[in-house]
Amino acid sequence: MKGALDVAFDAARTTAQSFSVLVNSTPSGARRDQFNAIMRRVLEQNPGFNGTYSAWEPNAIDGADAAFVNNRAKGSDDSGRYLPYWTRAANGSVAIQPLVEYNSAERHPNGLVKGGWYLGPRTNNQESILGPLPYTVQGKRVFLATMSVPISVGGKFVGVAGADYDLDFLQKLAIKTNGSLFSGKGIVLIVSDTGLIAANSADPTSIGKSAASVDPRWSQLEGIVRSGEAKVLDDAKEANIDVYSPIHLGRSTTPWSVVISVPRALVMAQADTLSATLGSRAISGVVWQLVLGLGVAVAAIFAISIAAARIARPIGECAEFADGIAREQLDQTLHIQQVDEVGTLAESLRKMQGDLKTSITRRAEEQAKSLLVVDTLLTNLGGLSRGDLTVDITTTFAPEFDELKNNFNAALLNLRQLIGAVGESTAGILTGSGEIAQASEDLARRTESNAASLEQTSAAIAQMDNRLKATAVASGQTVARADQAIATVGGGRETADEAVQAMGRVSHSAEGIDSVIEGLDKIAFQTRVLAMNAAVEAGRAGDAGRGFAVVADLVSALAMRAEEEAKRARDQLTVTQTEIVTAVKAVERVDVALANIAGDVDAVHQLLGSMASDSQAQSAAITEISAAINEMDRSTQQNAAMVEETSAAARNLSTEVVSLSEQASQFKVETSAKRVVPQPARSNGKARPTVTGATVEPGGWVRH
């Protein structure tokens with residue numbers, strides 16, 4: 001039993017160690033398929049296994065759980081986590097299904113935590129054996145003993161790998177073992193650390209139940225099993241003798257036990273038979289041996305003592321032999337050759353010891369094969385952990401481990417090629433990152449200079465914008481003044497036109513005055529003629545007409561004076577008319593000038609209006625240009641910051657590449673290659689990678 005369960009632990013442990021190594025060397029897209037292939041192969045190579053499984057933390061295997069939601073063919077449930085469970089049906093067919101209840105802290109009716117096989121290793125990072133665990137496998141309800149080993153990557157728990165057995169094989173083993181002891185009249189139990197029955201030769205239906213619930217005699221069984229001690233309970237008050245033998249499985253801290261319970265009456269049957277026979281003979285002999293009663297009694301007592309000693313001694317030897325078997329002392333010799341029940345017991349014990357030796361030898365052979373594989377893997381993985389990628393497995397394995405060997409060597413070859421490619425690429429990346437950093441810094445300086453120029457340009461354009469806006473305002477005011485001037489010129493033209501019209505009327509009036517003056521001149525001439533005629537008549541009248549002659553002279557003088565005044569008035573009127581004509585012409589010239597001024601002012605008005613519109617349009621355009629330049633300035637500032645970040649990132653990349661190169665150089669990919677770490681060269685104050693006088697060989701090593 002221990003050998004079979006330890007094989008499962010060894011398989012789970014090897015699988016866990018392989019996964020912890022391969023998860024860092026296998027492309028993420030191929031991990032689930034490769035790991036599934038490994039678990040299926042382990043199951044196929046171990047026909048005693050019921051199943052193999054692995055359960056991983058969310059996104060721990062490849063960071064792609066979302067892509068595998070409900071992908072049952074890959075071993076994922078609705079969470080997309082990697083949870084494959086490879087199982088074998090009764091007909092030998094192998095199938096995959098997602099694990100269930102892995103995160104459940106609820107308990108089965110028998111007290112086992114449903115997800116204990118996963119939650120236990122996740123909590124304490126230790127190997128675990130859990131059972132009897134009720135589980136549905138390919139539609140069939142079975143009880144399992146499941147062995148789980150934690151998987152760690154970088155010292156961090158990422159999941160478990162495990163294998164399990166259908167406890168039916170333990171039941172068969174218990175029945176077989178019991179059949180070899182006392183003709184099957186005893187009971188053989190296999191119990192877990194929690195006191196649950198994993199096998200019961202007397203009652204297969206009790207599997208999965210508490211031993212104490214099956215028989216009150218086993219109420220102290222759980223405490224004895226948990227203590228992990230070998231113990232024999234031989235209480236005269238009890239009908240049975242119980243022998244406890246602990247089984248430490250894998251590296252778990254929870255031992256199981258084999259309990260052999262044999263009826264006391266069966267063990268002591270021969271002694272009781274002999275005692276009863278001797279007693280009967282003693283009673284019948286009393287009748288005819290009264291005389292010798294005392295002597296016979298003494299003899300009988302002596303004979304019983306000798307017989308009891310002869311009976312007790314071999315039974316004690318058998319008990320001691322059985323206790324040695326319980327302590328795994330399989331090199332004992334039992335020298336009892338009696339042809340009775342004690343002899344039968346002795347023979348059964350010898351046969352049990354021989355079977356155990358054979359089983360242990362077979363298990364030792366299997367373990368030797370497994371240990372060879374494990375030791376080789378541990379040695380090579382140790383070399384791998386030190387960076388030696390030339391540790392191919394050359395040891396000859398058993399045929400069932402050839403695929404593991406081939407997969408390990410193939411993975412190692414891929415890792416060598418990968419590290420080699422990394423070594424070849426780091427120098428180029430280092431050079432490129434240095435050049436990128438230098439170019440980024442040059443670009444940053446130019447960008448900063450452009451940003452300063454743009455800032456100055458923005459300020460100048462802002463001043464132009466302000467001046468154009470002021471010009472546009474002044475142009476608007478000038479247009480308003482021009483409008484006022486046009487209105488004033490128009491009023492002047494109207495006034496001049498009125499003056500021309502008034503002068504025309506004056507000229508026309510002057511013409512009327514001239515007619516009046518001419519009429520007055522004619523009146524004065526006629527008056528003077530009349531005065532002359534009156535003087536003539538007065539002269540003719542003599543003294544009587546002397547006074548009339550004086551009047552006539554005066555009238556003649558007045559007429560002459562009137563003629564003179566009329567002449568002066570005509571002369572003055574002529575001058576006035578001449579002046580009026582001159583004034584009219586001057587006013588007409590003023591009107592023409594005013595018309596020209598009005599035309600010029602209108603042209604100026606149009607020009608100023610156009611200038612104002614242009615200034616406003618230019619102001620709006622310059623405002624947009626200013627906004628665009630400001631936006632360019634902000635973008636340039638942002639670009640400068642981004643370029644600086646790019647430069648810093650490039651420098652960081654250069655540092656990281658140097659670190660990567662140093663780490664890659666820790667790996668040995670060729671037996672004679674030298675390891676050279678590319679160093680950053682200094683150029684313009686910045687690090688640039690360079691390797692001088694060296695040739696990059698295939699595999700990433702630099703050979704001088």
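What share of the 704 residues in the protein is buried? Buried residues make up 38%, where buried means under 20% relative accessible area, exposed means over 50% and partly exposed lies in between (1.4 Å probe, protein chains only).

This is a predicted model, in which local features need pLDDT of at least 70 and side-chain atom pairs count only at pLDDT 80 or more, while totals for chains, interfaces and linings use all residues. Residues are numbered from 1 along each chain as its sequence is written, and side-chain values use heavy atoms, with hydrogens and water left out.

**Whole chain**

Start with a cartoon view of the protein, which has 12 helices and 15 strands. These are DSSP runs numbered from the N terminus: helices are H or I with at least four residues, strands are E with at least two. Of the contacts with a separation of 6 or more, 62% are between residues 24 or more positions apart; a contact means heavy atoms within 4.5 Å.

**The cores**

Select Phe-35, Phe-49, Trp-56 and Trp-256. Within the largest nonpolar core, of 43 residues, these have the most contacts. A nonpolar core is a set of buried Ala, Val, Leu, Ile, Met, Phe, Trp, Tyr and Cys residues joined through side-chain atoms within 4.5 Å. Elements giving two or more residues to this core include helix H1 (2–22), helix H2 (31–45) and strand S5 (140–153). H1 supplies the largest share, eight residues. Now centre on Phe-35: leaving aside residues up to four places away in sequence, Phe-35 touches Phe-19, Leu-22, Val-23, Trp-56, Ile-61 and Tyr-82. Another core, of 19 residues, lies apart from the largest one and includes Leu-83, Tyr-85, Leu-99 and Val-160.

**Salt bridges**

The whole structure has 13 salt bridges, each being a side-chain nitrogen of Lys or Arg within 4 Å of a carboxyl oxygen of Asp or Glu.

Select Glu-127 and Arg-13, whose side chains form a salt bridge (2.6 Å, N to O). Glu-127 is in the loop between helix H3 (116–124) and strand S4 (128–137), and Arg-13 is in helix H1, 114 residues apart. Glu-127 is buried at a relative accessible area of 10%, and Arg-13 also counts as buried at 10%. Add Asp-10 to the selection: Asp-10, Arg-13 and Glu-127 are linked in a network of salt bridges.

Next, go to Arg-40 and Glu-44, with their closest N and O atoms 3.0 Å apart in a salt bridge. These two are separated by about one helical turn because they are four residues apart in helix H2. Arg-40 is partly exposed at 35% relative accessibility, as is Glu-44 at 39%.

**The long helices**

Select residues 402–541, which form helix H11 and contain Val-516. Val-516, Leu-520 and Ile-523 make a nonpolar surface patch of about 270 Å². Ser-449 is also in helix H11 and is partly exposed, at 42% relative accessible area. Measure from Ser-449 to Thr-636: the C-alpha atoms are 9.7 Å apart, although 187 residues separate the pair in sequence.

Finish at residues 552–579, which an unreviewed UniProt entry annotates as "coiled-coil region". The chain there is 100% helix and 0% strand, with its end C-alpha atoms 39 Å apart. The same entry type, unreviewed, places "domain: HAMP" at residues 309–361 and 384–420. Residues 384–420 are 57% helix and 0% strand, and their end C-alpha atoms are 15 Å apart. UniProt feature names are shortened here, and annotations may be inferred rather than shown by experiment.

Definitions and conventions. Patch = residues over 30% accessible without salt bridge, like charges linked within 9 Å, V, L, I, M, F, W, Y side chains within 5 Å. Areas by Shrake-Rupley, 256 points an atom, 1.4 Å probe, with all protein chains shown as cover.
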